[in-house]
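Colleague: I'd like to learn how to read a few local features in a model. Could you walk me through them?

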Amino acid sequence: MSLHSLLLALPGSYSGPVQVQPAPYGAVGTGEGTLAALLAEPLIAASLSASGTQFVLGSPDSASLALEYAALAEAAGAQVRRVATGGDAEHINTLIPAGVTATYHGAQYLAYASGHAAEAQEADRLLAALAQSCAGTETEGNPARELAWRLHGRTPLLLADDGSEGLVLAWQQLLARVGKSYSVPVLGDPLPVLSGMFEAQHEQGDAKVGLILGDLSPRLDLGREIMESRVDEVIHLPFAEHGGDSDYAPGLALWYLGAWTALYLAEIAGQSPDDSPVLRRAQAELSGETEDS
């Protein structure tokens, strides 16, 4: 199935367990489970738990690290639930689809397993609304196609407020893995970075675009003002209005918009949105598998 078809069918496609696990919770992600754990941080702390349930998300190429995390949590006294895209069935409690969409399925598993079914359903509602507009073939009225054209040929500087920085890493990976394009994450305090990186070399701001993900804090708003005088354009993608109690649902929706945008970036550049042969070979080697070159 093409990535376009996968993304179009994604809202509401989670079909894994929905049982609530014992609290308190901790979650760590490795390999293709990394982004799911980061985007679920509004619901579950990214940490190792000494009681309750420890969620460990991973993929075959990160199986050894996932096993180490699981062993540490078990030794501390937590019940471990292992979620993976493949590997040794003996070490997997829940299997989720591999690839780019592993982020959605892993994050939704964490939402349901931690007792946040309403947040998971709100995320699906927001994704479904985006799918309606992002799947169209015309640029006008399609936010992902419009954004892809604004990013094409430019280098995005990716920023988000404290607590939402998982979105920065998610977009960096999507733009690279799917869109075959380069972006720069700006993590931590943005003011020292943005105020100094173009001083005495303003020409380096050419073909750069600031891309702010999620809500604006006063500090991030100042960063926006600084960027406006140094780069070609600043684009703010705020969280969608939502009925949830946290930023989980709108955060997952922004990840979904990033996936569509990256898909169209690849299309504009005449590139395939599929995983590069280099990535496939690296994952196969780390998984202990062999793959024809």
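Modeller: Sure, let's begin just past a helix: helix 6 is followed by Gly-153, which has a positive phi, near 80 degrees. Helices (H or I, at least four residues) and strands (E, at least two) are DSSP runs, numbered from the N terminus. This is a predicted model, where local features need pLDDT of at least 70, side-chain atom pairs count only at pLDDT 80 or more, and totals for chains, interfaces and linings use all residues. Residues are numbered from 1 along each chain as its sequence is written, and side-chain values use heavy atoms, with hydrogens and water left out.

Colleague: Which residues of helix 6 are buried?

Modeller: In helix 6 (residues 143–151), Ala-144, Arg-145, Leu-147, Ala-148 and Leu-151 are buried. Buried means under 20% relative accessible area, exposed over 50%, and partly exposed in between (1.4 Å probe, protein chains only).

Colleague: Why are they on the same side of helix 6?

Modeller: The general idea: an α-helix has 3.6 residues a turn, so residues three or four places apart point the same way. Here the buried residues cover an arc of only 165 degrees around the axis, which puts them on the same side of helix 6. That arc is taken from the directions from the helix axis to the C-beta atoms.

Colleague: What do those buried residues pack against?

Modeller: Their partners include helix 5 (117–134), strand 5 (155–160) and helix 10 (248–268). Contact means heavy atoms within 4.5 Å.

Colleague: How do I read two packed helices?

Modeller: They are described by the angle between their axes and the distance between the axes. Helix 4 (residues 102–113) and helix 5 pack at an angle of about 145 degrees, with axes 7 Å apart. Axes are lines fitted to C-alpha atoms, for helices over the stretch in contact, and angles run from 0 to 180 degrees between N-to-C directions. Among the residues that meet are Tyr-104 and Tyr-112 in helix 4, and Ala-120 and Leu-127 in helix 5.

Colleague: And unusual backbone geometry?

Modeller: Most residues other than glycine have a negative phi, and most peptide bonds are trans. Lys-180, though not a glycine, has a positive phi of about 55 degrees; it lies in the loop between helix 7 and strand 6 (184–185). Lys-180 counts as partly exposed, at 31% relative accessibility. Ala-207 also has a positive phi, about 60 degrees, and is partly exposed at 32%.

Colleague: Where is Pro-24?

Modeller: Pro-24 sits in the loop between helix 1 (3–9) and strand 1 (25–29). The peptide bond from Ala-23 to Pro-24 is cis, with omega near -5 degrees.
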